[in-house]
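Here is a colleague's note for a first-year student, meant to be read slowly beside the sequence and the picture. Please keep both in view while going through the points.

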Amino acid sequence: MDQAVKKYTIVDILLLGVIAAIYSVLFYVWWDVYYLIKAIGGPIVARLITYGLWFMPAPLAASLIRKPGSALLGEFLPALLESIIPTPGGLTNAIYGIAQGVFSEASYAAFIYRRYGLLQACLAGALPAVPAFILDALLFGDIYPVNEAVVVIAAIALSGALYGAVSYLAAKVVKG
C-alpha cells in the first residue's frame with residue numbers, strides 16, 4: 001500500500017471528530033432505548049435490536065476514510081466521549097470502544113485494507129459481538145448457560161451486521 005494513502009489528512013481527522021461527537025450523543029440516548037427494550041423483551045431481544053448501534057461508528061468511519069486504523073478510531077473515540085458524558089456504562093465504555101474497535105478493524109485487516117465493501121462493513125459490525133459479550137460477563141456479570149450464550153452472541157452479531165450494513169450504505173450516500 002502506498003505510504004501517502006496511509007496518512008491521515010485533516011479532513012480524515014475532522015471526520016473522525018464529527019463521527020465521535022454524533023455517536024457519543026446517540027450512545028447516550030441509546031442507553032434508555034436499550035433498557036426500555038430489555039424491560040419489555042428481555043436481554044436477548046434488547047441485544048438484537050440495540051447492540052449494533054454501538055458498533056456503527058467503526059464501519060462508518062472505515063467506509064468513509066478507508067485507511068488502516070479508521071475502524072478502531074471510529075469506534076474508540078465516540079466510546080471515550082460517551083465515558084465522559086457520562087452514561088450508565090461510565091468509564092467501561094472506553095474499554096468496550098477499544099475492544100470492539102480492534103475486532104471491527106480486523107474485518108478490514110483480513111482483506112489487507114484493500115476492500116471496504118458491504119461484506120467488510122457487515123463483518124466490522126458483527127465481530128465486536130465477541131468482546132461485547134465477554135466484557136458484559138466480566139464487567140457486569142451477564143453470565144448465561146452455554147446454549148443461551150450462543151443465542152446472545154448470535155443476536156449481538158446479527159444486530160452488528162445489520163447496523164454495519166446501514167453504516168456502509170450511509171457512507172455510500174455521503175460519498176455520493
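The numbered points below go through the nonpolar cores, the aromatic rings, the largest pocket and a few single residues of this predicted model.

1. **The largest nonpolar core.** A good place to begin is the largest nonpolar core, which has 27 residues, and within which Tyr51, Trp54 and Ile156 are the residues with the most contacts. At least two residues of this core are supplied by each of the helices α2 (10-41), α3 (43-55), α4 (57-65), α8 (129-140) and α9 (146-175). The largest share comes from α2, which gives eight residues to this core.

2. **Ile156 and the second core.** Which residues does Ile156 touch, once its neighbours within four places in sequence are left aside? They are Arg47, Tyr51, Phe55, Ala129 and Phe133, and Tyr51 is itself one of the residues with the most contacts inside the largest core. A second core, separate from the largest one, has nine residues, and among them are Ala58, Tyr108, Tyr116 and Ala124.

3. **The aromatic pairs.** When the whole structure is searched, eleven aromatic pairs are found. One of the pairs joins Tyr34 and Trp54, whose ring centres are 6.0 Å apart and whose planes stand at 70 degrees, so this pair is edge-to-face, since an angle over 60 degrees is what the term requires. The two partners come from distant parts of the chain, with Tyr34 in helix α2 and Trp54 in helix α3, 20 residues apart. Tyr34 is buried, because its relative accessible area is 5% and the cut-off for buried is under 20%; Trp54, at 10%, is buried as well.

4. **A stacked pair and a cluster of rings.** Are the rings of Tyr108 and Tyr116 stacked or edge-to-face? Their centres lie 5.1 Å apart and their planes are at 20 degrees, so the pair is stacked, the limit for that word being under 30 degrees. Both Tyr108 and Tyr116 are buried, and both belong to the second core. Elsewhere, ring pairs link Trp31, Tyr34, Tyr35, Tyr51, Trp54 and Phe55 into a cluster.

5. **The largest pocket.** The largest pocket holds about 350 Å³ of space, and 21 residues line it, with Trp31, Tyr51, Tyr96, Asp136 and Phe140 lying nearest its centre. Of these lining residues, eleven are nonpolar, five are polar and five are charged. The helices α2, α3, α5 (70-84), α6 (92-109) and α8 each supply at least two residues of the lining. A reader may like to note that Tyr51 appears both here, in the lining, and in the largest nonpolar core.

6. **Gln100, a buried residue.** Gln100 lies in helix α6, and with a relative accessible area of 6% it is buried. Not counting residues up to four places away in sequence, Gln100 touches Trp54, Phe55, Glu75, Pro128, Pro131 and Ala132. Pro86 is 14 residues from Gln100 along the chain, and the C-alpha atoms of the two are separated by 19 Å.

7. **Leu14 and Ala157.** Leu14 lies in helix α2, and its relative accessible area of 54% makes it exposed, because the word is used for values over 50%. Between the C-alpha atoms of Leu14 and Leu81, which are 67 residues apart along the chain, the separation is 15 Å. Ala157, found in helix α9, touches Ala126 and Ala129 when residues up to four places away in sequence are not counted. From Ala157 to Ile19 the distance is 138 residues in sequence and 22 Å in space, taken from C-alpha to C-alpha.

8. **Two loop residues with positive phi.** Most residues other than glycine have a negative phi, and for that background two residues deserve a careful look. Arg66, in the loop between α4 and α5, has a phi near 55 degrees, which is positive although the residue is not glycine; Arg66 is partly exposed, with a relative accessible area of 35%. Ile112, in the loop between α6 and α7 (118-126), is not a glycine either and has a positive phi of about 55 degrees, and its relative accessibility of 52% counts as exposed.

Definitions and conventions:
Residues are numbered from 1 along each chain as its sequence is written. This is a predicted model: local features need pLDDT of at least 70, side-chain atom pairs count only at pLDDT 80 or more; totals for chains, interfaces and linings use all residues. Side-chain values use heavy atoms; hydrogens and water are left out. A nonpolar core is a set of buried Ala, Val, Leu, Ile, Met, Phe, Trp, Tyr and Cys residues joined through side-chain atoms within 4.5 Å. Buried means under 20% relative accessible area, exposed over 50%, partly exposed in between (1.4 Å probe, protein chains only). Helices (H or I, at least four residues) and strands (E, at least two) are DSSP runs, numbered from the N terminus. Contact means heavy atoms within 4.5 Å. On a 1 Å grid over the protein atoms alone, a cavity is a set of points where a 1.4 Å probe fits but cannot get out, and a pocket is an open set with protein on both sides within 12 Å along at least five of seven lines; lining residues have an atom within 4 Å of a point. Grid points are joined across faces, edges and corners, and a volume is the space filled by probe spheres set on the points. Ala, Val, Leu, Ile, Met, Phe, Trp, Tyr, Cys and Pro count as nonpolar, Asp, Glu, Lys and Arg as charged, and the others, Gly among them, as polar. Rings of Phe, Tyr and Trp (its six-membered ring) pair if their centres lie within 6.5 Å; planes under 30 degrees apart count as stacked, over 60 as edge-to-face and the rest as tilted.
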